[in-house]
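Reader: I would like to learn how to read a model like this one, feature by feature. Where should we begin?

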Amino acid sequence: MSKILDDENMEDQQTRNGEELIRAFQSGETSAFDTLVTMYKDTVFHMCFRMLGDYQEADDTAQEVFVKVYTNIKRFRFESAFSTWLYRITVNTCKNKLTSSEFRHRDKMVRLNNPLQDSKSFMEIEDKSRSPHAALEEKERSVIIHKAIQELPEEQKIVVVLRDIHGLAYEEIASITGLKSGTVKSRLSRARLALRQQLKGVI
Amino acid sequence: MECERIEKLLSEYIDDLLDLQTKTFVESHLQSCAQCSKSLEELKNIVQELRKLEPVPPPADFTANVHKRLAERSWAMQLFKSMFVPIKIKLPLQFAAAAIVAIIVITLSYKIKPDVEVTTRTPEVMQKERQQEQPFMDKSAPEPEKQDRLSAVASKEEQAEKKQNSRIIEMTLMLKQDIRDFALAERRKGTAMEKAETEESTDVQPLPAPSSLKRKEAKSLIQKNKAIQPRTKKQALKEQGSEDAVAQIKTLATRFGGTVVDIEFYSEPTDKPKTITVKIPSSGYENFLEGLKRTGRLQPIVEVPAQANLMITVRIHLLTSLAPELPYDPG
């Protein structure tokens, strides 16, 4: 819980800075956008990666998110926190990607041709983000959990990623997804139970 | 059954979102149910594992790629704009379109001329209202619509006269016979249970038309009237009366040193005189006016001193009950 609260405080700090940067950008300071990208690229990319399950797709989608931010930033009216607005764009872009026929076709082809290739590519990705302090066992476990998340239905996956991986509050998730708070709770409950079922014997 | 219910509440229990009563209910169940306690532990582990997932960083060239994509997009947008009509071309096109529309409208509005001059159709009742709005019909220059009706020669003469101490006066003359007809029409209108009108009553006109009536409607109604109203003996007599009035005006003008310059006729339905233009010196104008007053009701009566030494052009609009009929619009 403390981790979540710490994350939320950090997000608040980022939000304040983000809003200041937007004002600077809106008043003509174009370099403010670079600062925004630097500040939020890790979160946005990680969110995309956990939702899409593929590194290249996450890279492409996260770039698309920032292009959308750049295009629409002048229309941002400060009616919500910048982070909420940014994550809403991220979630919607990921949803569009997940439902696109190209993405579905590619996903099926990978699984049918070589089921192991998927996890191999994931291991290669993990190599990129290798933490010197992380143990190999933890890496394998994270691979399994990641795969289990990808098995979830889209609406459950989004809620789990936002709540359990990124530690967002229920109200913010409701604001990002446009769902009612009760729906967020029930979807999260079903997602956690489904993950417990999938990861039985592993965790 | 209770375990299923508890299982659904475990997620919220982990996040400490349950109200006190539900939380107590869950805790009491967990104390007595080993299976649900085990489920709780498993869920807690799942949540902990999810929170422990290491963030995957983006590639090092992520920001550069975003810039690259923005540049590509900007280039694509420019290409799109250049392929389709850009604003630089679009605006002149819009102006050109607006200018063409304006030219068409102006051309059409000048070509469509009224067949019936509505102002000359306004009999006594409406005339009073008009007089309140325009106390003096005496104008220093004729109205544009009326000007079109005069011949080109007459227009030139008038222009020349304007330069040399001349004056143009417009007035309406309702012949005595027609005054009686209007009075008769008013009386009949007031009678509630009157029988169907006889043939003789067909020449009695209903209430006059307001000057605001649309000309197209007027024209169609004139044609309609022409079709449904046969010419009677009385109508013929009245036309004769109008022609007599023209003869009287001619005689009057000649007697007092003037001449009849122009006579304008209604084209439909009776071809009877509509406007008579008389030129008369100011010395004979007063006597001429007195003569006209004996012929019928004259409005407005414009006085000009005999010593003014002017050549006066008098345009007399004849109002008769046989003029082309226009409906009365009470609105």
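Author: Begin with the secondary structure of each chain. Chain A has 10 helices and 0 strands, and its pattern along the sequence is α-α-α-α-α-α-α-α-α-α. Keep in mind throughout that this is a predicted model.

Reader: How many helices and strands does chain B have?

Author: Chain B has 12 helices and 5 strands.

Reader: How do I read burial for a whole chain?

Author: Take the share of residues that count as buried, meaning under 20% relative accessible area. In chain A, buried residues make up 47% of the 203 residues. For chain B the share is 40% of 331 residues.

Reader: What does the accessible surface come to in each chain?

Author: For chain A it comes to about 10,000 Å², with 48% belonging to carbon and sulfur atoms. Chain B has about 20,000 Å² of accessible surface, and carbon and sulfur atoms account for 57% of that.

Reader: And contacts between residues that are distant in sequence?

Author: Consider contacts between residues at least 6 apart in sequence, and ask what share joins residues at least 24 apart. That share is 67% in chain A and 74% in chain B.

Reader: Now a single helix. What span does helix H7 of chain A reach from its first C-alpha to its last?

Author: Set the span against the value expected at 1.5 Å a residue. Helix H7 of chain A, residues 136–151, has 16 residues and reaches 23 Å, close to the expected 22 Å. Its buried residues are Lys139(A), Ser142(A), Val143(A), Ile145(A), His146(A), Ala148(A), Ile149(A) and Gln150(A).

Reader: How does helix H3 of chain B read by the same steps?

Author: H3(B) covers residues 34–52, which is 19 residues, and reaches 27 Å, close to the 27 Å expected. Buried residues in H3(B) include Cys36(B), Ser39(B), Glu42(B), Ile46(B) and Arg51(B).

Reader: Why does Ser39(B) count as buried?

Author: Ser39(B), which lies in helix H3 of chain B, counts as buried because its relative accessibility is 9%, and the cut-off is under 20%. Leaving aside residues up to four places away in sequence, Ser39(B) touches Arg196(A), Glu7(B) and Leu10(B).

Reader: How do I read two helices that meet?

Author: Look at the approach of the axes, the crossing angle and the handedness, then at the residues in contact. In chain A, the axes of helix H2 (residues 31–52) and helix H4 (residues 82–99) come within 10 Å and cross at roughly 35°. The crossing of H2(A) and H4(A) is right-handed. Among the contact residues are Leu36(A), Tyr40(A), Val44(A) and Met47(A) of H2(A), and Phe82(A), Leu86(A), Thr90(A) and Lys97(A) of H4(A). By class, the contact has 13 nonpolar, 3 polar and 1 charged residues.

Reader: Last, a strand residue. Is Ile263(B) buried or partly exposed?

Author: Ile263(B) lies in strand E2 of chain B, residues 259–265. Ile263(B) counts as partly exposed because its relative accessibility is 24%, and partly exposed begins where buried, under 20%, ends.

Reader: Which residues does Ile263(B) touch, not counting those up to four places away in sequence?

Author: Ile263(B) touches Val246(B), Lys250(B), Pro273(B), Thr275(B) and Ile276(B). Of these, take Thr275(B): it is 12 residues from Ile263(B) along the chain, and their C-alpha atoms are separated by 5.8 Å.

Definitions and conventions
Residues numbered from 1 in each chain as written. Chains lettered and ligands numbered in written order. Predicted model: local features only at pLDDT ≥ 70, side-chain atom pairs only at ≥ 80, totals over all residues. Heavy atoms only, no water. Axes fitted to C-alpha atoms, helices over the stretch in contact; angles between N-to-C directions. Helix = DSSP H or I, 4+ residues; strand = E, 2+ residues; numbered from the N terminus. Left-handed = near helix turned anticlockwise from the far one by under 90°. Contact = heavy atoms within 4.5 Å. Nonpolar A, V, L, I, M, F, W, Y, C, P; charged D, E, K, R; others polar. Buried < 20%, exposed > 50% of the residue type's maximum accessible area, 1.4 Å probe, protein only. Areas by Shrake-Rupley, 256 points an atom, 1.4 Å probe, with all protein chains shown as cover. Expected span 1.5 Å × (residues − 1).
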